[in-house]
Amino acid sequence: CGWLEWSPAAEPPDLYDRGRHPEGVPASSRPEPPAAGRIRDQHGRMGNEYDVIVIGAGPVGENAAHYAVRGTDRTAVLIEQELVGGECSYYACMPSKALLRPVAVVGVTLDLKGVHPAQLDREALLARRDYWVSNYSDSGQVSWAQSARIDVVRGTGRVTGERQVTVGDRTLTARHAVVVATGSRPAIPAELAQVRPWTNRD
């Protein structure tokens with residue numbers, strides 16, 4: 001994902017908690033949820049039929065679901081077994097860049113005349129990372145999804161029929177499409193296993 005330069009005094013660009021969706025459109029410009037098609041059961045959750053079902057709530061899944069419902073009365077659901085927002089938000093792009101920025105600043109001071117070389121504070125550096133990933137809480141992303149009229153179902157989704165997805169003991173049906181946006185996992189060749197290469201989760 002791309003990187004924007006932010007002032008050191010600025011708060012992290014948490015687009016979700018600031019009432020904006022990933023494409024930067026203010027929440028106030030979104031249409032109100034229509035009455036039709038939003039019937040919930042006695043437990044307050046949606047029924048088991050949606051226009052679009054998206055397996056995987058990373059950036060691609062989020063945008064696919066939002067594209068499906070934006071400006072319409074269609075319904076969509078995100079199915080996610082881990083954190084809504086995916087690898088980029090919590091393990092790859094965002095935390096790595098949160099760590100790299102202070103290191104780059106320290107590097108500049110090492111040969112910059114007129115200033116004393118800076119030093120890294122390990123604990124503060126890790127705290128900065130945790131702050132940028134919301135302490136590994138996806139409540140901001142879940143709130144955004146709900147504000148965009150997208151339901152979130154926790155669990156592992158399996159395609160079990162035509163436009164049919166099973167999550168635990170619940171079976172969901174899509175009127176139009178099922179989107180599989182589960183991403184990928186690193187594959188380490190056997191001959192490199194002893195090297196113990198880093199992956200997104202390291």
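**Exercise 1. How many helices and strands make up the secondary structure of the chain?**

Bear in mind that this is a predicted model. Counting along it, you should get 5 helices and 6 strands. Now put them in sequence order: starting at the N terminus, the elements go β-α-β-α-α-α-α-β-β-β-β.

**Exercise 2. Work out the strand order of the sheet and find its edges.**

Step one: trace the neighbours. The 6 strands make an open sheet, ordered β3-β2-β1-β6-β5-β4, with mixed pairing.

Step two: look at the ends. β3 (150–154) and β4 (157–161) each have a single partner strand, so one side of each has no neighbour in the sheet. From one strand to the next, the twist averages 45°.

Step three: zoom in on one pair. Strand β2 (residues 76–80) runs parallel to β3, and 5 bridges link them. Take Glu80 as a check: its bridge partner in β3 is Arg154.

**Exercise 3. Find which strands helices α1 and α5 lie against.**

Start with α1 (residues 59–69). This helix packs on the sheet and touches β1 (49–55), β2, β3 and β6 (170–180). Its direction is at about 170° to that of β2.

Then go to α5 (residues 139–147). That helix lies across β2 and β3, at about 135° to β3.

**Exercise 4. Pick out the residues at the heart of the nonpolar packing.**

First, the largest nonpolar core: it has 15 residues, and Val54, Ala65, Leu78 and Ile150 touch the most other members. Next, ask where the members come from: β1, α1, β2 and α5 each contribute at least two.

Now follow Leu78 outwards. Leaving aside residues up to four places away in sequence, its contacts include Val54, Ala65, Ala145, Ile150 and Val152.

Finally, don't miss the other cluster. A second, separate core holds 10 residues, among them Tyr50, Val77, Leu172 and Ala174.

**Exercise 5. Check the length of helix α3, then see what covers it.**

Helix α3 (residues 93–109) has 17 residues, and at 1.5 Å a residue they should span 24 Å. The C-alpha atoms at its ends sit 25 Å apart, which agrees.

For the second part, list the buried residues: Cys93, Pro95, Ala98, Pro102, Val106 and Thr109. Their cover includes α2 (86–90) and α4 (122–132).

**Exercise 6. Sum up the chain as a whole.**

Burial first: 33% of the 202 residues count as buried. Then the surface: the accessible area is about 12700 Å², with 54% belonging to carbon and sulfur atoms. Last, the contacts: among those between residues at least 6 apart in sequence, 64% join residues at least 24 apart.

Methods. Residues are numbered from 1 along each chain as its sequence is written. This is a predicted model: local features need pLDDT of at least 70, side-chain atom pairs count only at pLDDT 80 or more; totals for chains, interfaces and linings use all residues. Side-chain values use heavy atoms; hydrogens and water are left out. Two strands pair if DSSP finds at least two bridges between them. Helices (H or I, at least four residues) and strands (E, at least two) are DSSP runs, numbered from the N terminus. Axes are lines fitted to C-alpha atoms, for helices over the stretch in contact, and angles run from 0 to 180 degrees between N-to-C directions. Contact means heavy atoms within 4.5 Å. A nonpolar core is a set of buried Ala, Val, Leu, Ile, Met, Phe, Trp, Tyr and Cys residues joined through side-chain atoms within 4.5 Å. Buried means under 20% relative accessible area, exposed over 50%, partly exposed in between (1.4 Å probe, protein chains only). The expected span of a helix is 1.5 Å times one less than its number of residues. Accessible areas come from the Shrake-Rupley method with a 1.4 Å probe; for residues, only the protein chains shown count as cover.
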